[in-house]
Amino acid sequence: MKNKSLVSITDYTREEHIQILNLAAEFEKHPIQKILEGTVVATLFFEPSTRTRLSFESAASRLGAKVIGFSDSASSSVQKGESLRDTIMTVSNYADIIVMRHPKEGSARFASEVAAVPVINAGDGSNQHPTQTLLDMYSIRKTQGKLDDLNIAFVGDLKYGRTVHSLVMALCNYNTTFHLVSPNDLKLPSSVKIHIKDKNLHYYQYTELVDVIPKVDVLYMTRIQKERFSDPIDYERVKNSYILKNHMLDTSKPNLKIMHPLPRVNEITIDVDKNPKAYYFEQALNGVFVRQALLASILGVK
Amino acid sequence: MKKDETGKELQVSAIENGTVIDHIPCESVFQVIKILGLNEVEDQVLFGTNLESQKMGKKGIIKVSNKFFEPDEINKIALVAPTATLIVIRNFRVADKKKVEIPDSIEKIVKCFNPNCITNNENVTTRFFVIDKQDLRLKCHYCEKITAKDNIWFY
């Protein structure tokens, strides 16, 4: 994986995904390893993010690398009208690797083509978020003991949720049965569904969350944003049917884990947090180990 | 009116050497000219549209002197003119005849339908993978969204 950009989850093979997960497990045991001393990691966040940026910066620090970058395009040269091409080419001169988030879809692919150094996509519009996917896979494997043959439900905004798109695509390598729960307006797009169909895997679509809870091993919740609806009345009508409350878990399987890419707004009520099936905060911690594994692999020190 | 080698009347004059693109859907003639950049060639270009055709009812035809296309170049027009036939003329005679084929990937000519795609926001050359040749579905190399037949726009 040395020098290989990670833009889309499918850029890496199934074997490479597993290598990253195995390496992440190693970092979980020994998180502080100063193997990237003298290396510079650029984090270019053209769009604000707390979790992803901080976990990348934490991962880089634990490996001894220095971090440069910006957390908002308002504080960068984009404000002066600089093109993405020029920003990336310039930063390529200052850093050994670029981690970027950008509001436009395809921006990371484009950056990886113009940059002289490898690029890690930390989210490009509604398209892809592969590092989140790897940490989700890590979390699934850690809690379920395997990735194969699981029943996984995706709940909420499946249309614009990039974490959902990337994870669905990755799980197509593992004989997953997909349970897709969303309002009609926010169904999984055909460009993603095509991957499920290509592998002849089963998927079921629902509009009610309660129907799916007893069937699955992982419940992957996402936030439904009001602005995604063309008609605000539609939003009001559906918003309550996708809220997970603790009592709804009574019928769930013992091995069920609830995951969420965070930030959560109200789609999981606070009383779920104490349930041992809630896993979203540990999931966020796993992100640091996975990002350590990615930085170390791409920079060629592991 | 001039006649061709079989004695049939020609509605568009014959060329000595070059390429004839026949059986173009009428509405696509100008698009084909644009895609192939024929508005910029130095040699003679003849074209006709709304011509009678036994096969198609009405058709368009383009004749380009002294120009022989590479398959990659000519196959671009398959998006707008899937029925087109390509006839290579040498010394007024048919030297080769073939159908156009939809290519596996397409560069430059098509616009991504996703307004939030980087190619619609920066100076980036578009690139698509043809994921369905029958129904014509193009997957953007950048934003990974699928542009379907009805949404295909040309630059």
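This is a short tutorial chat about reading a predicted model.

User: Let's start big. Into which domains is chain A divided?

Analyst: Keep in mind that we're looking at a predicted model. A domain can be made of separate stretches of the chain, and here domain 1 of chain A is 9–128 + 285–298, while domain 2 is 131–284. Their C-alpha centres lie 25 Å apart.

User: How many residues of the two domains are in contact?

Analyst: For that, you look at the residues on each side: 20 residues of domain 1 of chain A are in contact with 19 residues of domain 2 of chain A. On the domain 1 side, α1 (14–29), β4 (119–124) and α9 (280–298) of chain A each give two or more residues. α9(A) gives the most, with 6 residues. By kind, that side divides into 9 nonpolar, 8 polar and 3 charged residues.

User: Okay, now the sheet. In what order do the strands of the open sheet in chain A stand?

Analyst: Read a sheet by going from neighbour to neighbour, not by strand number. Here 4 strands go β2-β1-β3-β4, and the pairing is parallel. β2 (66–70) and β4 of chain A stand at the edges; each has a single partner strand, so one side of each is left without a neighbour in the sheet. From one strand to the next, the twist averages 15 degrees.

User: Over how many bridges do β1 and β2 of chain A pair?

Analyst: Strand β1 (residues 40–45) of chain A pairs with β2(A) over 5 bridges, in the parallel sense. To find your way along the pair, look for A:A42, which stands opposite A:I68 in β2(A).

User: And which strands does α4(A) lie across?

Analyst: That helix lies across β3 (97–102) and β4 of chain A, and runs at about 160 degrees to β4(A). α4(A) also turns up where chain A touches chain B: among the elements of chain A on that side, α4(A) gives the most, with 3 residues.

User: How many residues of chain A are in contact with chain B?

Analyst: Count each side again: 14 residues of chain A are in contact with 16 residues of chain B. The chain A side divides into 2 nonpolar, 8 polar and 4 charged residues.

User: Last one: is A:H202 buried or exposed?

Analyst: Count the neighbours. A:H202 has 11 C-beta neighbours inside 10 Å, and 12 or fewer counts as exposed, so A:H202 is exposed. You'll find A:H202 in the loop between α7 and β7 (203–206) of chain A. A:T177 is 25 residues away in sequence, yet the two lie 5.2 Å apart in space, C-alpha to C-alpha.

Methods
Residues numbered from 1 in each chain as written. Chains lettered and ligands numbered in written order. Predicted model: local features only at pLDDT ≥ 70, side-chain atom pairs only at ≥ 80, totals over all residues. Domains from an automatic or database assignment. Contact = placed C-beta atoms within 7 Å. Nonpolar A, V, L, I, M, F, W, Y, C, P; charged D, E, K, R; others polar. Buried ≥ 20, exposed ≤ 12 C-beta atoms within 10 Å, placed from the backbone. Pairing = 2+ DSSP bridges. Axes fitted to C-alpha atoms, helices over the stretch in contact; angles between N-to-C directions.
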